[in-house]
Amino acid sequence: MNRTRRLNVEQDMWVIDGIPLHPLVVHAVVVLLPLAALGSVVIAVRRSWRRSLGIPVLLLALVGVGAVPVATTTGTELWTALRVQNPLIDVHAERASWLLPVALAFLVLLAAAVLTELAAVRAEVGAHAAPAAGPSRYRVAAGLSALAALAGLAVTAIVVWIGHAGSMAVWQGIGQ
């Protein structure tokens, strides 16, 4: 039995077992991006943690950022299928437009921090005849990590801000 299908409700909308895809995908954004932000704070604190946890944190951020356009698209589909005029949904959608640019900046800073750290480690062990890693390369990685952590905190704040508007739309205004 195929539980993933498209319903024709004015405009097609993805559903899984009768549940619109939007609230399901939103949970990926709401869980993964703040978790990656927490990880970015952790790896900014200690160089050894950046070495061991950098790639897993980067992968979390990558999947979380990748879920943002899917959440936006499915949210638009859901809004169209509901066919209601609700200012709370409009606020939610307007706030959601802020997330992708900030999330991409977070991802780029995090990737730069992790890759700079890995390059410094490779140079330190002499892999592939890379130039020796001086303290400046480690300082760059630490600075990028701090910037990524700040961007991660901004992403988390925006996710909460958007989520609050979305929950207000669900609990106080759908169909009113």
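## Exercises on a glutamate and its arginine partners

Glu 117 forms a salt bridge with Arg 50, and their closest N and O atoms are 3.0 Å apart. This pair links distant parts of the chain, with Glu 117 in helix H4 and Arg 50 in helix H2, 67 residues apart. The model you are looking at is predicted, so let's work through it together.

**Exercise 1.** Find which residues are linked with Glu 117 in a network of salt bridges.

*Solution.*
- Step 1: look at Arg 51, whose side chain meets that of Glu 117 in a salt bridge of 3.2 Å, N to O.
- Step 2: turn to Arg 47, which also has a salt bridge with Glu 117, at 4.0 Å, N to O.
- Step 3: put the pieces together: Arg 47, Arg 50, Arg 51 and Glu 117 form a network.

**Exercise 2.** Decide whether Glu 117 and Arg 50 are buried or exposed.

*Solution.*
- Step 1: recall that buried means under 20% relative accessible area.
- Step 2: Glu 117 has 0%, so this residue is buried.
- Step 3: Arg 50 has 4%, so this residue counts as buried too.
- Step 4: for contrast, Arg 47 is partly exposed at 36%, and Arg 51 is partly exposed at 29%.

**Exercise 3.** Check whether the end-to-end distance of helix H2 agrees with the expected span.

*Solution.*
- Step 1: helix H2 covers residues 47–82, which is 36 residues.
- Step 2: at 1.5 Å a residue, the helix should span 52 Å.
- Step 3: the end C-alpha atoms are 49 Å apart, which agrees.
- Step 4: now follow the path of H2, which bends by about 60° at Leu 53, with Pro 56 following within four residues.

Terms used
Residues numbered from 1 in each chain as written. Predicted model: local features only at pLDDT ≥ 70, side-chain atom pairs only at ≥ 80, totals over all residues. Heavy atoms only, no water. Helix = DSSP H or I, 4+ residues; strand = E, 2+ residues; numbered from the N terminus. Expected span 1.5 Å × (residues − 1). Bend = angle between axes of the 7 residues up to and from the residue. Buried < 20%, exposed > 50% of the residue type's maximum accessible area, 1.4 Å probe, protein only.
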